[in-house]
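Reader: Hi! I have a structure open and would love to go through it with you. Can we start with the cysteines?
Author: Happy to, let's take a look.

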Amino acid sequence: LLGSLQEQAEELDISIPEIHLKVPDLVKDFLASMSATEEHTTTHKFSEEPKQEQKQEQEPNGDGKGGGAAVAAAAVAAYLNEEEEEEQKPKKKRKQEVATHQDEQLMMLTKKLIEIRSILLSIDHNETLQLPSIVVVGSQSSGKSSVLEAIVGHEFLPKGTNMVTRRPIELTLIHTPGEDEEYGEFPQLGLGKMHDFKKIQKTLVDMNMAVPDSECVSEQPIELRVYSPNVPDLTLIDLPGYIQIANKNQPETLKTKIEELCEKYIRGPNIILAVCAANVDLANSPALRASRKCDPLGLRTIGVITKMDLVPPEHGAAVLRNADYPLHLGYIGVVCRSPENVKGNMTSALIRNEENFFQHHLIYNQRDIQVGTATLRKKLMNVLEQSMGRSLYSIVDAVQQELEEARYQFKVQYNDRRVTAESYVAETIDSLKHNFKDFATLFGKPQVRHEYWSDGKIAELPKAQLDDIYWLYKIDLASAALTKSGIGRSTTQLVVDVLMSNMERLANAEPFMYHPETRKQIMSFTSEILRSKFLTTSDQVENTIKPYKYEVEVTDMEWAEGVKRSVALLEKELEMCDSMATSLKNAVGKKKLKGAIKYLLDQEREDGRRQERLRQIAEEGGHATEEQLFDDDVKPYYSSKILEKAREALFLRDRAMILKYRIAALKSRQCKSAENKQYCPEAFLNVIAEKLTYTAVMFIQVELLNEFFFQFPREVDNRLVYQMNRRQILQFARENPPIQKHLDLQERKNKLEDVMDKLNYLVKRQADRQARAKMGSFSA
């Protein structure tokens, strides 16, 4: 049977002329998909067509010879076609696997480089450490925001008529496969995940409108990261739209400022996404004009034509063919209008809406025309990946240089000593506790001392009689001044003042001099602790010294110790008087000071004589004249400063004389017993002061000092350590300039090392990829 079929087939003379048809890409894709997915149906059609031809040939001829030949030819063709398809299947599968692998490699490289770019931007905005980004430029009515929102799938950009985009928005899209949630983050603000894109839009509006109207434009960028399974890995920068003229509420230089800002960002190696409206002549496009200035050959510029549904298809196709204003990366037409009432991500609905529009007009289905948001997304991914791939080795060299410099500086300045914000906080708090412990250890019992009164009759005290009530009254009055003058409150306040002054000294010492808020907190809870114990302590002291208000019993031992302490105090004061008198003589001169003192004494005698003469004349009932009151003798003249020094010398001389008398009295037999306390007031008051001090300090130690020394370290932990979060710890550490410098350099070094590891990994992957590509080309 097969031999007869072969003979019949050889007798057939079939000639098919060559026909060249230009089929649109859309039709080709459709036919290819049909042939790939419906092989069984295609085979079935091939088997039916010969039967129909057989019937048509048998009807006019009436014999089956021609029909048999046709059947044989059809069978041979079907057999050969099946063999060819079987051979092509592994090749197609291999090509699909290669394409899928290449796409995965592309996405992996782009994702890793975007991560590296984010790390480098967190270090600084140094131009040598910048990876390419896609910069979106266009006029305010060109549809820039719609293009970006179509790529992201959500409305999140500021919209309005009053110049709502005033700062560059650095938008990083991060593809998260296998996850359902979509959210945005503002790294600068630390607000965490924001799942509501309306809140993201409001935050962007607030941050943009924070720029005053007098400036309208700021170069400070806003960083926004969007995580979603529906977005590609891209880095986009949205810039303020170009304007033709500033209104009356805007600065006259606004147009120039926007142009300068855009020119700063569209420099190489960044990719320029020039957005133009289809219903506006490209000759008037400020985006194309700016891109041509920085990219004359159009090698880095992608033209995006928006609002394609507002122009006739012929006009739109002519624009997209870029015949008048050619760009190496071409033009892509988009509509960017999604159906209303779309919940969630609108990318799929928007792409379907665009496909319906462009498929309705066959002119947009030609090979040399690119349309649709899906095409734009793929184009951006490919171009960004290629640009980043070209920049890979140059950025490796730049990062290597910066890393070597950072390591050198870290070694020279800090000897590779690492520090963290947490360790600095712990060290600072420990130093405060250590200093406080030293202060608590050295802080002894405060001494309450009162000097004896200055009395003109003090020189007569040693000669006073036993029954002299003047000195008895004096000693009782002085004793009452100590015991009945609110000693509890005064001594407690004295201790509180000493504690507050010492705590202020500790709070103002290094390193707390760099932390004003912490210093305020330390003084605040110090005051709270002391204030909470003040009234209780003062009341306790007052209750314990009540017996001393009525009678003070003094033992012989206490009296002897009081006399000894009093003599020591008086001798110390006498020594101070002699020292000051000597310094006055050296400063003024011994002879001059002696003359000034004699002058003052003569003046005193003359004043006394004059007063006596006035009294005598007044008694006689007469009237005194100036000649009777003043002598004609000329006195030597001394300056007021010399006379003041002379008065000080006189006071020191008299005071030293009184101290010598009192020291001699305290050492005499008269002051050996407490019964003669009126003759030895210094010793008696010293004993009373010692008793009051001992009693007051004992309760102050228990009620105030012990509580304060116990509570203060715990308040430091509760208010300064345990309540601080990570952000506050970092802020506290960076308040200290030397620590901030140390942390910045250390962080820069660590980030550069991390970036270098990632780059080395990518370089190795790129080398492996190129090697596999070469091996594949050789095997082909």
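Reader: Which cysteine does C671 join in a disulfide?
Author: C671 is joined to C680, with an S to S distance of 1.7 Å. Keep in mind that this is a predicted model.

Reader: Good to know. How many disulfides does the count come to?
Author: The count comes to 1 disulfide.

Reader: And is the link of C671 and C680 left-handed or right-handed?
Author: The link of C671 and C680 is left-handed, with -100° about the S-S bond.

Reader: Are those two buried or exposed?
Author: C671 counts as buried because its relative accessibility is 3%, under the 20% cut-off. C680 is buried too, at 0%.

Reader: Why is there no bond between C262 and C294?
Author: Their sulfurs are too far apart for a bond: C294 holds the closest cysteine sulfur to that of C262, and the distance is 9.9 Å. A disulfide needs the two sulfur atoms within 2.5 Å. C262 is also buried, with a relative accessible area of 1%.

Reader: Thanks! New topic: where is A689?
Author: A689 sits in helix α20, which covers residues 681–721. A689 is buried, at 5% relative accessible area.

Reader: How far is its C-alpha atom from that of G562?
Author: The C-alpha atoms of A689 and G562 are separated by 9.6 Å, while the two residues are 127 residues apart along the chain.

Reader: Let's move to strands. How many residues of β2 are buried?
Author: For β2, residues 169–175, 7 of its 7 residues are buried. I169, L171, L173 and H175 point one way, while E170, T172 and I174 point the other way, and all are buried.

Reader: Which strand does β2 pair with in the parallel sense?
Author: That would be β4, residues 222–228, with 7 bridges between the two strands. Within that pairing, T172 stands opposite R225.

Reader: And what about the antiparallel side?
Author: There β2 is joined to β5, residues 234–238, by 5 bridges. L171 has L236 as its bridge partner in β5.

Reader: Now the cavities. How many of 30 Å³ or more are there?
Author: There are 2. The largest cavity has a volume of about 60 Å³, and the second largest has about 30 Å³.

Reader: Which residues line the largest cavity?
Author: The lining is R117, S118, L121, E170, T172, E223, L224 and R225. Here we meet β2 again: α4, β2 and β4 each supply at least two residues of this lining. By class, the residues are 2 nonpolar, 2 polar and 4 charged.

Reader: Which helix gives the most to the lining of the second largest cavity?
Author: It is α12, with 3 residues. The lining residues are S431, L432, N435, L506, A509, E510, P511 and F512, and they divide into 5 nonpolar, 2 polar and 1 charged.

Reader: Last one: what does the second largest pocket look like, and how many residues line it?
Author: The second largest pocket holds about 520 Å³ of space and is lined by 17 residues, with R726, L730, R734, E747 and K751 nearest its centre. Helices α4, α12, α21 and α22 each supply at least two lining residues, and α22 has the largest share, with 6 residues.

Reader: What classes do the lining residues of that pocket fall into?
Author: The lining of the second largest pocket has 8 charged, 6 nonpolar and 3 polar residues.

Technical notes:
Residues are numbered from 1 along each chain as its sequence is written. This is a predicted model: local features need pLDDT of at least 70, side-chain atom pairs count only at pLDDT 80 or more; totals for chains, interfaces and linings use all residues. Side-chain values use heavy atoms; hydrogens and water are left out. Buried means under 20% relative accessible area, exposed over 50%, partly exposed in between (1.4 Å probe, protein chains only). Helices (H or I, at least four residues) and strands (E, at least two) are DSSP runs, numbered from the N terminus. On a 1 Å grid over the protein atoms alone, a cavity is a set of points where a 1.4 Å probe fits but cannot get out, and a pocket is an open set with protein on both sides within 12 Å along at least five of seven lines; lining residues have an atom within 4 Å of a point. Grid points are joined across faces, edges and corners, and a volume is the space filled by probe spheres set on the points. Ala, Val, Leu, Ile, Met, Phe, Trp, Tyr, Cys and Pro count as nonpolar, Asp, Glu, Lys and Arg as charged, and the others, Gly among them, as polar. Two strands pair if DSSP finds at least two bridges between them.
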